[in-house]
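Please walk through this fold one part at a time, with the strands taken before the helices and the interior.

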Amino acid sequence: MKQTLKITILSLILISNIGFSQNNLTELKFDTKFYNAIDKWVAFPKKDTDSTYAYGFIYIDNQAGFTFNYETNFQIKEQELINIKSDSNIGFIKYRLEPNTSPVSVLTEKQISALKLPKEPEWLSLYKEGSNKVSYLKQEGYHYNHVGACELALKPLLKAYKIEPHFEGLEFELAYAYNHLGKFEEAIPILEKAIKNNSKNFYFYRELGYSYLGLNKIVEAEKTYRKGIKMSDNNFEKSEMSVNMSQAYFKLKNKKKFDEWAKLTRSYAKENSKYAQYIDYFEQNWDK
């Protein structure tokens with residue numbers, strides 16, 4: 001009786017494992033942002049009218065940014081992944097990935113094996129050359145910041161900052177990442193040191209003013225933005241700094257200071273630009 005029970009339980013376990021294995025092999029979860037799938041084999045979702053999925057490898061081209069190297073397509077048939085033979089004469093097909101790229105499904109080890117793929121392509125090593133250099137790390141952080149993945153940007157940027165903090169563009173990217181994440185107190189010392197090293201870069205003042213605003217240090221923000229505006233020759237950047245101060249005084253309901261910064265914003269912003277429209281909105285909703 002006991003022996004029969006053991007065999008029955010064992011059979012159920014084996015059947016359950018086989019079923020799970022089959023489902024796992026063909027299961028695709030399109031829930032991963034491309035910037036969280038770096039150096040991974042991935043599949044893209046198909047249209048309802050399609051019968052196959054495009055798949056390939058995502059990596060960072062240090063100059064061009066996030067890139068999808070298209071391999072070929074596969075279809076799911078009878079609980080199996082079936083490779084669609086590609087045209088060997090085409091060569092590499094690469095797509096640059098932008099922030100609006102749809103989520104992907106990261107392929108599991110079983111799926112990679114079923115498609116007879118290597119753990120990673122042989123050519124990947126070419127894009128990893130110099131990956132510990134400050135220039136490479138700064139650029140990697142830039143690409144993450146560019147698509148809004150600022151949390152991921154911190155790792156390479158901080159690594160580079162420890163090696164050469166004043167490398168061109170590095171301090172700005174690091175401060176930008178901290179500001180985007182709301183970590184204003186971390187951004188401020190980076191920017192203060194950057195300004196001490198190079199007091200003529202108005203982007204440092206732009207970011208520092210934003211940091212102060214984030215901490216509700218209005219007086220410090222205003223002084224900093226005035227320096228940045230005086231130093232800048234870029235009207236768009238001037239309008240951005242001005243509208244930020246306008247918004248701060250709008251929230252405080254300080255009409256005198258708001259009008260001062262609203263006038264500055266309009267003097268720098270193009271007619272009907274979004275910053276000019278923000279001022280219109282603030283004025284129309286002043287008493288609300």
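Two strands are said to pair here if DSSP finds at least two bridges between them. With that in mind, and remembering that this is a predicted model, one can begin at strand β2 (residues 53–61) and strand β3 (residues 65–77), which pair in the antiparallel sense over nine bridges. Within this pairing, A54 stands opposite N73 in β3, and the two strands, β2 and β3, form a hairpin with three residues between them.

Strand β3 also pairs with strand β4 (residues 80–84), again in the antiparallel sense, through five bridges, and Q75 is found opposite I82 in β4. The link between β3 and β4 is a hairpin with two residues between the strands, and in its turn E78 has a positive phi of about 55°. A further pairing of β3 is with strand β5 (residues 93–96), where four bridges join strands that run antiparallel; here the bridge partner of F68 is Y95 in β5.

Turning to the helices, α4 (residues 150–163) and α5 (residues 170–180) pack at an angle of about 145°, their axes being 9 Å apart, and the crossing of α4 and α5 is left-handed. On the α4 side the contact is made by C150, L154, L157, L158, A160 and Y161, while α5 contributes residues including L170, L174, Y176 and H180. Sorted by character, the residues of this contact of α4 with α5 comprise eleven nonpolar, one polar and two charged.

The interior can be followed through its nonpolar cores. The largest nonpolar core has 60 residues, of which I58, F66, Y144 and M245 touch the most other members. Leaving aside neighbours within four places in sequence, Y144 is in contact with Y35, I38, I60, F66, A149, C150, L152 and A153; of these, C150 also belongs to the contact that α4 makes with α5. There is in addition a second, separate core of 15 residues, among them L28, F57, L81 and I112.

A last stop is the loop between α8 (218–231) and α9 (235–252), where S232 lies. Is S232 buried or exposed? Its relative accessibility is 4%, and because buried means under 20% relative accessible area, S232 counts as buried. When residues up to four places away in sequence are not counted, S232 touches F202, E237 and K238.

Notes: Residues are numbered from 1 along each chain as its sequence is written. This is a predicted model: local features need pLDDT of at least 70, side-chain atom pairs count only at pLDDT 80 or more; totals for chains, interfaces and linings use all residues. Side-chain values use heavy atoms; hydrogens and water are left out. Axes are lines fitted to C-alpha atoms, for helices over the stretch in contact, and angles run from 0 to 180 degrees between N-to-C directions. A crossing is left-handed if the near helix is turned anticlockwise from the far one by less than a right angle, and right-handed if clockwise. Contact means heavy atoms within 4.5 Å. Ala, Val, Leu, Ile, Met, Phe, Trp, Tyr, Cys and Pro count as nonpolar, Asp, Glu, Lys and Arg as charged, and the others, Gly among them, as polar. A nonpolar core is a set of buried Ala, Val, Leu, Ile, Met, Phe, Trp, Tyr and Cys residues joined through side-chain atoms within 4.5 Å. Buried means under 20% relative accessible area, exposed over 50%, partly exposed in between (1.4 Å probe, protein chains only).
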